[in-house]
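Thanks for sharing this one with me. Here are my notes, set out as numbered points so that you can follow them with the model open.

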Amino acid sequence: MWPNSDRAYGWKRSAKGPVLWKERDVEIRFTKSNLRGTMIPITTVQFGEEEQALVMEVLRSGAVAQGPMVAKLENRFAELFGIPHAIAVNNGTTALVASLQILNLKPGDEVITTPFTFAATLNAILEAGATATFADIRADDFNIDPTSLAERITDKTKVILPVHLYGQMADMDPIQALATDRSLRILEDAAQSHGASYKGRYAGSYGLGTFSLYATKNITTGEGGLITTDDDELADRLRVLRNQGMRSRYVYEMAGHNYRLTDLQAALGLPQLERYEQTVSTRRRNADRLIEGLADVPGIVVPRQLEGRGHVWHQFTVRVTPEARLNRDEFVAALAARGVGSGIYYPKLVFDYDAYRTHPRVITSDVPVAEKIVSEVVSLPVNTTLTDADLSEIITAVRAIAGA
């Protein structure tokens, strides 16, 4: 249930399968354990009274496509995170694709990114017609390593695409210096890092930034995305591009697409922006508790918020190293047996799939840190619904499994 709300909405199990219930109407207060069964979930999706009211406002208006609610979402996101422009689109992958398309990349142009990311990052590069190349990552933040990045830049490189993984930004000072020195564009994949910061600057403020509003993200509209930029011209072109290339009806300025978000989706996101400070505060408190409880567990490396960075803890990702009693997959199975959900983000390097291994526009390279990390990572629950008892249960389970 959201703070200051006297009702909540969710799913419960019944003999006939999951059914939607509304707490106020049934005079039964379901506990969290009733809702989830016996498993502490790795993620949850909750909407409260504010979202319901805005959705109903859109429905009653009779205009559910992109309209004033989308504009409010864009303006509020830009305002909160100190970025001049936010352009809403229909998902986070679209945000990446549109951002690359608007840069007018030519065949043979290369985009250099991390191999430790979700496939959307790579798919967007390929859809935009560019060639994907890869730098290694750092073990301390799971993000692209500026030293490796500098070594992989070629005359064909046009865009640096760092991914701010798990809610913590990459080391942006040396990345920005490289981009300035080599006249390269920066496109930040901040799908997991709404409101994350680096030395006082928010994610998405280094040129072009993209965010996902998918169901599991810290801010969600079910499906949706945002593009941020401080470039007035790029922002204008992106708004035209997402609307079939039209600025006004049937007046086409470019070959465009239907990348629009709906007002129904925007109505879900707006209330979350207003309470996002509280959301991040809760996630940080949960992460601090997990770090404190797991810091001395042999074979388990806990994540850290690095100096000068503001981590928003989309995921709390530990490493199960060779010093641990169990390997990563055994560790995950043992967690499940104890009723603790977990996730592996990601089980393979992004190019290590049949669809990409022989792709003519995917250029792989030696990335030893990423190859090691990908076999070790496990994400533990850090979401805002966790109680003190849940956190204690997670810590107890990990310590018992690891023999601490």
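**Notes on helix packing, a pocket and two backbone details**

1. Let me start with helix H11 (residues 276-294) and helix H15 (residues 388-402), which pack at an angle of about 30° with their axes 10 Å apart. Angles under 35 degrees count as roughly parallel, so H11 is roughly parallel to H15. As H11 passes H15, the crossing is right-handed. On the H11 side the contact is made by Asn286, Arg289, Leu290, Gly293 and Leu294, and on the H15 side by Asp388, Leu391, Ser392, Ile394, Ile395, Val398 and Arg399. Sorted by class, the residues of this contact of H11 with H15 are 6 nonpolar, 3 polar and 3 charged. Please keep in mind here, and in every point below, that this is a predicted model.

2. H15 has another partner worth a look, helix H12 (residues 328-337): the axes of H12 and H15 come within 10 Å and cross at roughly 130°. H12 and H15 are therefore oblique to each other, and their crossing is right-handed. Here Phe331, Ala334 and Leu335 of H12 meet Ala397, Val398 and Ile401 of H15. What classes of residue make up the contact of H12 with H15? It has 6 nonpolar residues, with no polar and no charged ones. You may like to click on Val398, which takes part in the contact with H11 and also meets H12.

3. Next, please turn to helix H3 (residues 49-61) and helix H10 (residues 263-274), whose axes are 8 Å apart and which pack at an angle of about 150°. Since angles over 145 degrees count as roughly antiparallel, that makes H3 roughly antiparallel to H10. H3 passes H10 in a right-handed crossing. H3 brings Glu50, Glu51, Leu54, Val55, Val58 and Leu59 to this contact, where they meet Asp263, Leu264, Ala267, Leu268, Leu270, Pro271 and Gln272 of H10. The contact of H3 with H10 is made up of 9 nonpolar, 1 polar and 3 charged residues.

4. Now for the second largest pocket, which holds about 460 Å³ of space. There are 24 residues lining this pocket, and the closest to its centre are Phe118, Ala191, Ser212, Lys217 and Tyr346. Which helices supply at least two residues each of the lining? Helix H5 (92-101) and helix H6 (119-127) do, and H5 gives the most, with 3 residues. By class, the lining of the second largest pocket divides into 9 nonpolar, 12 polar and 3 charged residues.

5. One of those residues closest to the pocket centre, Tyr346, deserves a second look for its backbone. A cis peptide bond joins Tyr345 and Tyr346, with omega about 25°. Tyr346 sits in the loop between H12 and helix H13 (354-357). As a reminder, most peptide bonds are trans. Could you take a moment to view this linkage in the model?

6. My last backbone point concerns Tyr166, which has a phi near 70°, a positive value in a residue other than glycine. Where does Tyr166 lie? Its place is in the loop between strand S6 (157-161) and helix H8 (172-182). For context, most residues other than glycine have a negative phi.

Key: Residues are numbered from 1 along each chain as its sequence is written. This is a predicted model: local features need pLDDT of at least 70, side-chain atom pairs count only at pLDDT 80 or more; totals for chains, interfaces and linings use all residues. Side-chain values use heavy atoms; hydrogens and water are left out. On a 1 Å grid over the protein atoms alone, a cavity is a set of points where a 1.4 Å probe fits but cannot get out, and a pocket is an open set with protein on both sides within 12 Å along at least five of seven lines; lining residues have an atom within 4 Å of a point. Grid points are joined across faces, edges and corners, and a volume is the space filled by probe spheres set on the points. Helices (H or I, at least four residues) and strands (E, at least two) are DSSP runs, numbered from the N terminus. Ala, Val, Leu, Ile, Met, Phe, Trp, Tyr, Cys and Pro count as nonpolar, Asp, Glu, Lys and Arg as charged, and the others, Gly among them, as polar. Axes are lines fitted to C-alpha atoms, for helices over the stretch in contact, and angles run from 0 to 180 degrees between N-to-C directions. Angles under 35 degrees count as roughly parallel, over 145 as roughly antiparallel, 65 to 115 as roughly perpendicular and the rest as oblique. A crossing is left-handed if the near helix is turned anticlockwise from the far one by less than a right angle, and right-handed if clockwise. Contact means heavy atoms within 4.5 Å.
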